[in-house]
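Here's a quick walk through the fold, going from the database annotations to the sheet and then to a helix pair. Have the model open as you read.

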Amino acid sequence: MNPTKSRDIPLYIYHAGQCDPKKCTGRKMARFELARLYDKISKLPRSAILLDPMAEKALSPADDPKKGIIVLDCSWEEVERVFPELEKLNLEHRALPYMLAGNPVNFGRPFKLNSAEAFAAALYILGYKEQAEKVMSKFNWGHSFLELNREPLEEYATAKNSTEIVEIQSHYI
Ligand SMILES: C[S@@+](CC[C@H](N)C(=O)[O-])C[C@H]1O[C@@H](n2cnc3c(N)ncnc32)[C@H](O)[C@@H]1O
């Protein structure tokens, strides 16, 4: 049993200004006041968790999200160029384990989540399931992302640490 945690975790987006504003999930989250949007790296909070697909360590329930979670909203073609710009901030870089995108742009593609999916997945793994559902409720495909990944998400949420996350992930890849 892994009860859901009640207080919401602060969510931050560094917006690199590379996406189509009409399709951008980060901008939509900001409009609904579910996340704060920044266009300057210097304004981002320190000691938060940065969701980084290239990080060596996987996110796990052992991570402390109280200082918040940051997503870098940029084009997938630019991730290798933009992520190093955030190195100087001393953030906790974490990769999300194997999950499938549920959004129409990348439906069914492993690991390539959009910003809203990345937040929802991280919140779910960290035990903030209600907040994860709230984020996904603003998108008409949001429910399908959670349904598609419900089984691994439930398992990831029971892991003790990053090593266990990688072990669980190996059953899905
Ligand atoms: C590259 S942007 C693309 C945003 C997209 N244009 C949108 O409208 O949502 C997605 C961001 O979500 C986070 N993310 C996505 N998949 C991830 C993964 N497998 N591990 C860690 N972070 C991930 C990263 O912060 C990544 O930069």
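Let's start with what the record says. In an unreviewed entry, UniProt lists residues 10–37 as "domain: RNase L inhibitor RLI-like possible metal-binding". Residues 49–173 are covered by a second annotation from an unreviewed entry, "domain: 16S/18S rRNA aminocarboxypropyltransferase Tsr3 C-terminal". Keep in mind that this is a predicted model. Here is how the two spans look in it:

| Span | Helix | Strand | Distance between end C-alpha atoms |
|---|---|---|---|
| Residues 10–37 | 25% | 25% | 11 Å |
| Residues 49–173 | 36% | 9% | 25 Å |

Now for the sheet. The model has an open sheet of 5 strands, paired in parallel and ordered 2-1-4-3-5. Which strands sit at the edges? They are strand 2 (36–38) and strand 5 (92–94), each of which pairs on one side only. Direction ignored, neighbouring strands in this sheet are turned against each other by 30 degrees on average.

Zoom in on one pairing: strand 1 (residues 11–15) runs parallel to strand 2, and 3 bridges join them. Tyr 14, for instance, has Tyr 38 in strand 2 as its bridge partner. Helix 3 packs on this sheet, where it touches strand 1, strand 3 (49–51) and strand 4 (69–73). The direction of helix 3 makes about 160 degrees with that of strand 4.

Helix 3 also has a helical partner. Helix 3 (residues 115–125) packs with helix 4 (residues 129–136) at an angle of about 165 degrees, and their axes are 7 Å apart. Because of that angle, helix 3 is roughly antiparallel to helix 4. The crossing of helix 3 past helix 4 is left-handed.

Which residues make this contact? Helix 3 brings Ala 116, Glu 117, Ala 120, Leu 123 and Tyr 124, while helix 4 supplies Lys 129, Gln 131, Ala 132, Glu 133, Val 135 and Met 136. Sorted by class, the contact between helix 3 and helix 4 comes to 7 nonpolar, 1 polar and 3 charged residues.

Conventions:
Residues are numbered from 1 along each chain as its sequence is written. This is a predicted model: local features need pLDDT of at least 70, side-chain atom pairs count only at pLDDT 80 or more; totals for chains, interfaces and linings use all residues. Side-chain values use heavy atoms; hydrogens and water are left out. Axes are lines fitted to C-alpha atoms, for helices over the stretch in contact, and angles run from 0 to 180 degrees between N-to-C directions. Helices (H or I, at least four residues) and strands (E, at least two) are DSSP runs, numbered from the N terminus. Angles under 35 degrees count as roughly parallel, over 145 as roughly antiparallel, 65 to 115 as roughly perpendicular and the rest as oblique. A crossing is left-handed if the near helix is turned anticlockwise from the far one by less than a right angle, and right-handed if clockwise. Contact means heavy atoms within 4.5 Å. Ala, Val, Leu, Ile, Met, Phe, Trp, Tyr, Cys and Pro count as nonpolar, Asp, Glu, Lys and Arg as charged, and the others, Gly among them, as polar. UniProt positions are given in the numbering used here, feature names are shortened, and annotations may be inferred rather than shown by experiment. Two strands pair if DSSP finds at least two bridges between them.
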